[in-house]
Amino acid sequence: MESKDIKRVHGIRYILRSLWSLTNRDLKKWYLAPLLLIMSLVQPLIWLGLFGKAMNLGAIFTNSSVNISGLNIPKSILDSLGNAFMMGAFGTTDYFSFLAVGMLAFIVLFTAMMSGMSIVWDRRFGFLDKLLSTPVPRGSIVVAKILNSTIRALVQAVVVLIIAILLGMSTAHLTVRGILLTFFALFLLSFGMSSLFVMLALRSKDWQTQMMIVNLLNLPLLFASNAFFPTKFMPSWLQAIASVNPVSFTINIGRYLLLDIPLSTTLINEFAFLGAFALIFSVVSIVLSWRFLRE
Amino acid sequence: MQNSVINVDGLTKKFGNFTAVDHIRFDVYEGEIFGFLGPNGAGKSTTIKMLTTLLSPSEGKAKILGHDISKEQNTVRSLIGVVPQEYTADEDLTGYDNMLLMADMYGLPRSVSKKRIADLLSMVELVQAAKRKVNTYSGGMRRRLELAMGLVNHPKLLFLDEPTLGLDVQTRSVMWKYIRSMKKQYRMTLFLTTHYLEEADSLCDRIAIIDHGKIIKIGTPDELKESLGGDFIQLSLKNGDSKVISYIKSIQGIIGVRKVGNVYKIKARKAEESAPKLISLLVRHKYEVERLSLEKPSLDEVYLDYTGRSLRDEEVSSDEAARERRTVRLSRM
């Protein structure tokens with residue numbers, strides 16, 4: 001009897017089952033709560049509408065009736081000059097499409113940041129202690145949180161992409177392979193970012209502190225990237241940060257595969273960096289969970 | 001020779017300079033209900049956290065069903081059941097889903113867990129509510145669910161941390177009934193902590209009184225009461241001063257006096273004989289007696305006698321207090 005109880009909690013099947021059970025527990029709160037589900041799908045729509053359509057940088061150059069008195073420059077020349085400026089800066093004349101890819105990474109980042117919060121809640125409400133008194137591998141608890149937010153993030157990213165296309169994102173270069181690889185990049189970004197925020201939450205007991213940490217990191221991660229604006233016009237110190245920011249790598253991959261904006265390195269390079277980011281952060285968070293999940 | 005289910009030898013936990021549990025030693029034998037009685041901050045929860053592998057001890061050893069809590073953590077975890085002080089069930093899930101989640105954590109095959117969950121839910125009379133979200137449950141229902149969740153792996157040893165915290169008296173005695181019948185059904189050994197004396201008195205076979213991290217006394221409730229060797233007289237005066245105690249001590253049949261707050265707790269061989277003498281002596285010395293009562297020993301006095309303070313004097317950290325408030329609040333819903 002005793003040996004049977006002990007044997008049950010070993011082996012890969014047990015690990016996978018407990019992992020899925022914990023992931024599904026968090027996912028259930030999302031897909032079984034219609035309001036929450038709708039809200040989380042509406043959110044990207046609002047972001048895209050606000051940022052994508054309101055901050056229409058392209059229109060400044062191409063859709064203006066600016067003219068300089070004394071010089072009678074024909075509109076066609078002004079427009080082609082504008083297009084040239086756009087191509088030079090953004091690699092495309094279509095700022096909305098440029099931004100839409102940035103939004104895919106944006107939504108992933110903002111979903112990932114919540115992954116840490118739920119660990120803080122679980123600790124606060126004693127649920128974590130309850131789990132820790134069962135034989136479930138400590139790593140499963142952490143990976144379940146990461147998987148939960150990754151799955152949510154990817155579903156939201158699909159919605160963002162569909163909305164972007166409906167709102168006029170360029171589809172000239174879309175391929176199935178391109179979309180799948182872009183989502184693989186988003187998966188790696190989400191996995192790594194969720195690991196980071198879970199890791200930061202391992203010791204945290206109150207959600208205010210966790211919220212501060214999240215806010216401290218999130219906007220800098222977003223603005224020190226190429227999500228809204230190309231990095232080449234940034235001051236060199238900011239460029240240095242942006243050049244190692246995983247958000248930039250994901251967006252580079254997305255813009256290359258979905259919009260055919262050329263990469264400065266190779267696709268393999270960009271994936272290798274993202275893969276390393278996701279791997280290192282998830283491994284570190286699992287290792288830390290062995291030590292720090294307990295009080 | 002009885003089988004020792006829990007064997008604790010010099011177990012100690014230090015947090016920085018503060019020693020929460022100080023070299024405690026005790027055994028819990030198969031089939032008994034063993035209770036840790038003490039105020040908040042006495043070291044009860046820390047002890048239970050060490051025994052359930054949530055905290056690692058600073059010093060000392062403990063064995064659960066023969067397995068070392070520091071070296072064979074996963075084995076210990078798979079054999080014990082834990083019912084924590086807080087309501088730990090996930091409120092956004094149904095009672096049934098919570099049970100299933102726990103069963104998965106113990107690696108039970110679905111065929112086994114479905115049967116067990118059905119049995120346990122019917123035993124705690126939650127079959128009707130099983131498909132409802134936990135946030136619609138009353139305090140008593142939540143406690144019963146926690147109990148059922150702690151039993152899903154059919155543990156030989158069940159830990160209950162303050163199993164009736166915040167419940168009203170009626171619901172509390174209903175919980176006791178469930179705990180007793182569960183124990184019988186699964187032939188378990190129970191280890192519980194409580195700061196309710198009635199609970200320790202009516203549930204436990206043996207009690208350890210713990211205070212400031214040390215075990216002060218272990219025995220059956222009756223043994224503890226008898227060990228006091230006398231009755232109690234409680235006295236309060238309008239104009240007490242420092243000399244009163246020595247006056248009281250001079251009376252024949254009085255064993256001891258202690259001042260707790262404004263009340264003098266007097267231990268006497270026979271309270272009904274000492275009390276008249278006491279009153280006449282006090283009147284002679286111009287003291288005004290405000291109130292006087294006689295008591296046969298209860299566990300309350302036992303506790304006071306051994307720890308020198310009442311169970312109501314609580315020392316809690318803010319974090320612990322917040323958790324406790326939450327538990328109490330939810331139990332009143």
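## Two chains, from fold to ring pairs

Of the contacts in chain B between residues at least 6 apart in sequence, 71% join residues at least 24 apart. The model is predicted. Chain B holds 12 helices and 14 strands. Its C-alpha atoms fill a box of roughly 80 × 40 × 40 Å along the principal axes. The chain has 333 residues, and buried ones make up 56% of them.

The surface of chain B comes next. Its accessible area is about 14300 Å². Carbon and sulfur atoms account for 48% of that area. Chain B carries 51 positive and 44 negative side chains. The centres of these two sets lie 1 Å apart.

Now turn to chain A. It contains 14 helices and zero strands. Read from the N terminus, its elements run α-α-α-α-α-α-α-α-α-α-α-α-α-α. The C-alpha trace spans about 95 × 40 × 40 Å along its principal axes. Of the 295 residues in chain A, 51% are buried. Among contacts between residues at least 6 apart in sequence, 79% join residues at least 24 apart.

Chain A exposes about 13800 Å². Carbon and sulfur atoms supply 72% of that surface. The chain has 23 positive and 11 negative charges, and their mean positions are 6 Å apart.

One glycine gives a local view of chain B. B:G150 lies in helix α5, which covers residues 139-150. What does B:G150 touch, leaving aside residues up to four places away in sequence? Within chain B, the partners are B:G81, B:V82, B:V83, B:P155 and B:L158. The list also includes A:K130, a residue of chain A. B:G150 has a relative accessible area of 2%. Buried means under 20%, so B:G150 counts as buried. B:S202 stands 52 residues from B:G150 in sequence, and their C-alpha atoms are 22 Å apart in space.

Aromatic rings offer another route through the model. Over all chains, the structure holds 19 aromatic pairs. One of them joins A:Y95 and A:F98, with ring centres 5.7 Å apart and 25° between the planes. This pair is stacked. Both residues lie in helix α6 of chain A, residues 95-112. They are three residues apart, about one turn of the helix. Are these two rings buried or exposed? A:Y95 is buried, at 1% relative accessible area. A:F98 is buried too, at 3%.

A:F184 and A:F187 also form a stacked pair. Here the centres are 6.3 Å apart, and the planes meet at 15°. The setting is helix α10 of chain A, residues 176-201. Again the two residues are three apart, about one turn of the helix. A:F184 has a relative accessibility of 43% and A:F187 has 29%. Partly exposed runs between 20% and 50%, so both residues fall in that class.

Chain B has ring contacts as well. Ring pairs link B:F26, B:F34, B:F36, B:F159 and B:F191 into a cluster. Charges also sit over rings in this chain. B:K131 lies over the face of B:Y96, 4.2 Å from the ring centre. B:K177 places its charged end over the ring of B:Y178, at 5.1 Å from the centre.

How values were computed
Residues numbered from 1 in each chain as written. Chains lettered and ligands numbered in written order. Predicted model: local features only at pLDDT ≥ 70, side-chain atom pairs only at ≥ 80, totals over all residues. Heavy atoms only, no water. Helix = DSSP H or I, 4+ residues; strand = E, 2+ residues; numbered from the N terminus. Buried < 20%, exposed > 50% of the residue type's maximum accessible area, 1.4 Å probe, protein only. Contact = heavy atoms within 4.5 Å. Areas by Shrake-Rupley, 256 points an atom, 1.4 Å probe, with all protein chains shown as cover. Lys, Arg positive; Asp, Glu negative; His and termini not counted. Charge placed at Lys NZ, Arg CZ, Asp CG, Glu CD. Phe/Tyr/Trp six-rings, centres within 6.5 Å; stacked < 30°, edge-to-face > 60°. Lys NZ or Arg CZ within 6 Å of the ring centre and 35° of its normal.
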